[in-house]
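Please read the paragraphs below with the sequence and the coordinates open side by side. They go through strands, hairpins, loops and a pocket in turn.

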Amino acid sequence: LVYGLEFSPDGERLASSSDDETVRLWDVASDRPRVELLTGHNDEVEGVAFSPDDDLLASAGEDGTVRLWDVASGEQRGEPLTGHDDTVYRVAFSSDGKLLASAGVDKTVRLWDVESGKQHGDPLKGHTNWEVNAVTFSPDGKLLASAGEDKTVRLWDVESGKQHGE
C-alpha cells in the first residue's frame with residue numbers, strides 16, 4: 001500500500017511512502033525511480049514532505065520516528081528524530097524550511113529544528129482522541145494547524161507553542 005504522496009516544489013519529483021518500510025523518489029518526466037529506495041524505517045512509512053528549497057525530504061513512520069533525507073543523494077541526514085510514543089502519521093515543513101512539524105498517534109504535534117534535529121519547544125497537546133493525523137503551516141509560518149480523530153482542527157502559535165486563542 002502507498003500511504004503518502006507529495007510532489008517536490010519544482011514539480012520534477014514525486015515522493016511516495018508505503019507499507020514496505022520504504023520511501024521512493026520518482027522522476028516525473030520519465031515515471032522511473034530517481035534514486036534507490038530510501039530505507040531506514042523499521043515499519044510502515046505513513047507520510048512524506050519536501051522542504052521548500054527542495055533539498056530535503058521528511059518521512060513519518062509507524063516506528064515512531066521522523067527521518068530526513070538528502071533529495072539529491074537519497075542518503076539519510078543525521079539521526080532519526082525521536083520523541084513520539086507511537087506512529088507518526090504526517091510531517092510538514094514551515095515555509096522557510098527551518099521547522100518541521102510531525103503529528104502522531106500519541107495525540108501530540110511536535111516541532112523540530114531542521115538544522116539541529118532537536119525538538120523545538122514542548123509537544124503541542126490538546127487533541128483528545130488517540131491520534132493527530134494532519135499538520136500544515138500557514139504561509140507566513142506563524143500558525144500551525146493540526147487535525148485529529150477527535151474531529152477537531154486546532155491552530156497553534158508556532159512561537160509560543162500555545163493553542164491559538166488561549
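Does Thr128 count as buried or exposed, and at what relative accessibility? The model is a predicted one, and in it Thr128 has a relative accessibility of 60%. Because the cut-off for exposed is over 50%, Thr128 counts as exposed. The residue is found in the loop between β13 and β14. Leaving aside residues up to four places away in sequence, Thr128 touches Lys107, Asp150 and Arg154. Pro52 is 76 residues from Thr128 along the chain, and the C-alpha atoms of the two are separated by 31 Å.

The loop that holds Thr128 runs between β13 and β14, and each of these strands can be followed into its own sheet. β13 belongs to an open sheet of 4 strands, ordered β10-β11-β12-β13 with antiparallel pairing. Its edge strands are β10, residues 88-93, and β13, residues 124-125, each of which pairs on one side only. Inside this sheet, β11 (residues 99-104) and β12 (residues 108-113) run antiparallel and are joined by 5 bridges. One residue pair to look up here is Leu100 with its bridge partner Trp112 in β12. The hairpin of β11 and β12 has 3 residues between the strands, and Lys107 takes a positive phi near 70 degrees there. This is the Lys107 that Thr128 touches. On its other side, β12 pairs with β13 in the antiparallel sense over 2 bridges, and the bridge partner of Thr108 in β13 is Lys125. β12 is mostly covered, with 5 of its 6 residues buried.

β14 leads into another sheet. This one is open and antiparallel, with 3 strands in the order β14-β15-β16. The edge strands, each pairing on one side only, are β14 (132-137) and β16 (153-157). On average, neighbouring strands of the sheet are turned by 25 degrees against each other, direction ignored. Between β14 and β15 (residues 143-148) the antiparallel pairing extends over 5 bridges; Val135, for example, has Ser146 in β15 as its bridge partner. In the loop between β15 and β16 lies Lys151. Its phi is positive, about 65 degrees, although Lys151 is not a glycine. Most residues other than glycine have a negative phi. Lys151 has a relative accessible area of 80% and is therefore exposed.

Earlier in the chain, β7 (residues 56-61) is mostly covered: 6 of its 6 residues are buried. In a regular strand the side chains alternate between the two faces of the sheet. For β7, both faces are covered, with Leu56, Ala58 and Ala60 buried on one side and Leu57, Ser59 and Gly61 buried on the other.

β7 has a pairing with β6 and another with β8. With β6 (residues 45-50), β7 pairs in the antiparallel sense over 5 bridges, and Val45 has Gly61 in β7 as its bridge partner. With β8 (residues 65-70), β7 is again joined antiparallel by 5 bridges, and Ser59 stands opposite Arg67 in β8.

Both pairings of β7 are also hairpins. The hairpin of β6 and β7 has 5 residues between the strands. Asp54 lies in that loop, and its phi is near 75 degrees, a positive value in a residue other than glycine. At 11% relative accessibility, Asp54 falls below the 20% cut-off and so counts as buried. In the hairpin of β7 and β8 there are 3 residues between the strands, and Gly64 takes a positive phi near 80 degrees.

What remains is the empty space. Rolling a probe the size of a water molecule over the atoms shows where such space is left. The largest pocket has a volume of about 210 Å³. Its lining is made up of 16 residues, and those closest to its centre are Asp96, Gly97, Lys98, Val114 and Glu115. By class, the lining has 7 charged, 5 nonpolar and 4 polar residues.

Definitions and conventions. Residues numbered from 1 in each chain as written. Heavy atoms only, no water. Pairing = 2+ DSSP bridges. 1 Å grid on protein atoms, 1.4 Å probe; cavity = no way out; pocket = protein on both sides within 12 Å on 5 of 7 lines; lining within 4 Å. Points joined across faces, edges and corners; volume = space filled by probe spheres on them. Nonpolar A, V, L, I, M, F, W, Y, C, P; charged D, E, K, R; others polar. Axes fitted to C-alpha atoms, helices over the stretch in contact; angles between N-to-C directions. Buried < 20%, exposed > 50% of the residue type's maximum accessible area, 1.4 Å probe, protein only. Contact = heavy atoms within 4.5 Å.
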